[in-house]
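Let's take a walk through this one, going from helix pairs to the empty space inside. Keep the viewer open as you read.

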Amino acid sequence: MRWLLLGLYGRITDDTQLSLLTKGIPVIALLLWLRQAPAGTYRRWIGIGLVFSLAGDILLDWPGDLFVFGLGAFLLGHLAYLRAYCSDSRQPALPALLLALIAGGAMFAILASSGLGELLMPVACYATAICLMLWRALARIGHPDLQPRSTWLAAGGATLFVLSDSLIGIDRFVASFDAAPYAIILTYWPQQQRLTVAPHLAKMPAFSATRCDCREPRTRSSIRPASARGARFRLQRGRGAGVSRHDQALGARLPDHRREHRRARRPVRPAAYDAV
């Protein structure tokens, strides 16, 4: 927060050196914090995007006209973010594509209305890249394998990135206004913070109704006993036909001394009956 206040102070006092020194410090702090996130393709490309964003910050504030180089650095940063978002989600998400096309098209139309001259093609390429980045960030929302909070943070950061870049373009090409530096910095740093928080939450387990097994574990007490008919059949096969199936099924549930007592009470069939 103190670096944000110093950066705002540099903008207010029009101190170029203070603004140049303080603008990149928050991004460096975010890069160091990103190292604590779970390793993977997503974290790696987010880190690369932050590095290119840091270079773009310095080039845009450097004394002299280095706007094209700063634009190129941020273009590479958007491509890195795009690669990060494509690493874990490839679903088309047509509504997200429509929203991204509307946002990118509106931004380019506003900037082109003032006449960009030689910068028309670079700005068009930049608008296409940021439009694709926003699309893939929005497309990750609702993915069953991704942590919901991580996807929403990434989408919010991408949206703020579009807003911040639009303010830069409007201030430079359309109409300069006094509040532009404050509005840009207040939208730029929060979006970088959201893009950095997202990898920390990306590896957290996501709730999915298709993958959640809410059934109780099967134990011996929870297994339903076999039917009486099946139990008597198994007892008959295991103990022979010398005892009736009813006695076998009943005797399996009696103590040993009661089993012997019940067998002794069973009447003996005459031999003549067996011969018949």
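What follows looks at three helix pairs and then at the cavities. One thing to keep in mind is that this is a predicted model.

Start with helix 3 (residues 25-34) and helix 4 (residues 41-61), whose axes sit 10 Å apart at an angle of about 165°. Angles over 145 degrees count as roughly antiparallel, so that is what helix 3 is with respect to helix 4. Their crossing is left-handed. On the helix 3 side, the contact uses Val27, Ile28, Leu30, Leu31 and Leu34, while helix 4 brings Arg43, Ile46, Gly47, Leu50, Val51, Leu54 and Asp57. Sort those residues by class and you get nine nonpolar, one polar and two charged.

Now move along to helix 5 and helix 7. Here the packing angle is about 25°, with the axes 9 Å apart. Anything under 35 degrees counts as roughly parallel, and therefore these two helices are roughly parallel to each other. The crossing of helix 5 and helix 7 is again a left-handed one. Helix 5 contributes residues including Leu71, Phe74, Leu75 and His78, and helix 7 answers with, among them, Tyr126, Ala129, Ile130 and Met133. The tally for this contact is 17 nonpolar residues, one polar and one charged.

Helix 7 also packs on helix 8: their axes come within 8 Å and cross at roughly 160°. That makes helix 7 roughly antiparallel to helix 8. This crossing, too, is left-handed. From helix 7, Tyr126, Ile130, Met133, Leu134, Ala137 and Leu138 meet a set in helix 8 that includes Ala154, Ala155, Ala158, Phe161 and Asp165. In terms of class, the contact has 11 nonpolar, two polar and one charged residues.

So much for the packing; what about the space left over? Rolling a probe the size of a water molecule over the atoms shows where it is. How many cavities of 30 Å³ or more does the structure hold? There are three, and the largest has a volume of about 170 Å³. It is lined by 14 residues, and the closest to its centre are Phe67, Leu71, Tyr126, Asp165 and Ile168. Which helices supply at least two residues each to that lining? They are helix 5 (67-86), helix 6 (94-112), helix 7 (120-139) and helix 8 (148-174). By class, the lining has 11 nonpolar residues, two polar and one charged.

Some names come up twice. Leu71 and Tyr126 belong to the contact of helix 5 with helix 7, and both are also listed by the cavity centre. Asp165 of helix 8 is in the contact with helix 7 and is on that list as well.

Definitions and conventions
Residues numbered from 1 in each chain as written. Predicted model: local features only at pLDDT ≥ 70, side-chain atom pairs only at ≥ 80, totals over all residues. Heavy atoms only, no water. Axes fitted to C-alpha atoms, helices over the stretch in contact; angles between N-to-C directions. Helix = DSSP H or I, 4+ residues; strand = E, 2+ residues; numbered from the N terminus. Parallel < 35°, antiparallel > 145°, perpendicular 65-115°, else oblique. Left-handed = near helix turned anticlockwise from the far one by under 90°. Contact = heavy atoms within 4.5 Å. Nonpolar A, V, L, I, M, F, W, Y, C, P; charged D, E, K, R; others polar. 1 Å grid on protein atoms, 1.4 Å probe; cavity = no way out; pocket = protein on both sides within 12 Å on 5 of 7 lines; lining within 4 Å. Points joined across faces, edges and corners; volume = space filled by probe spheres on them.
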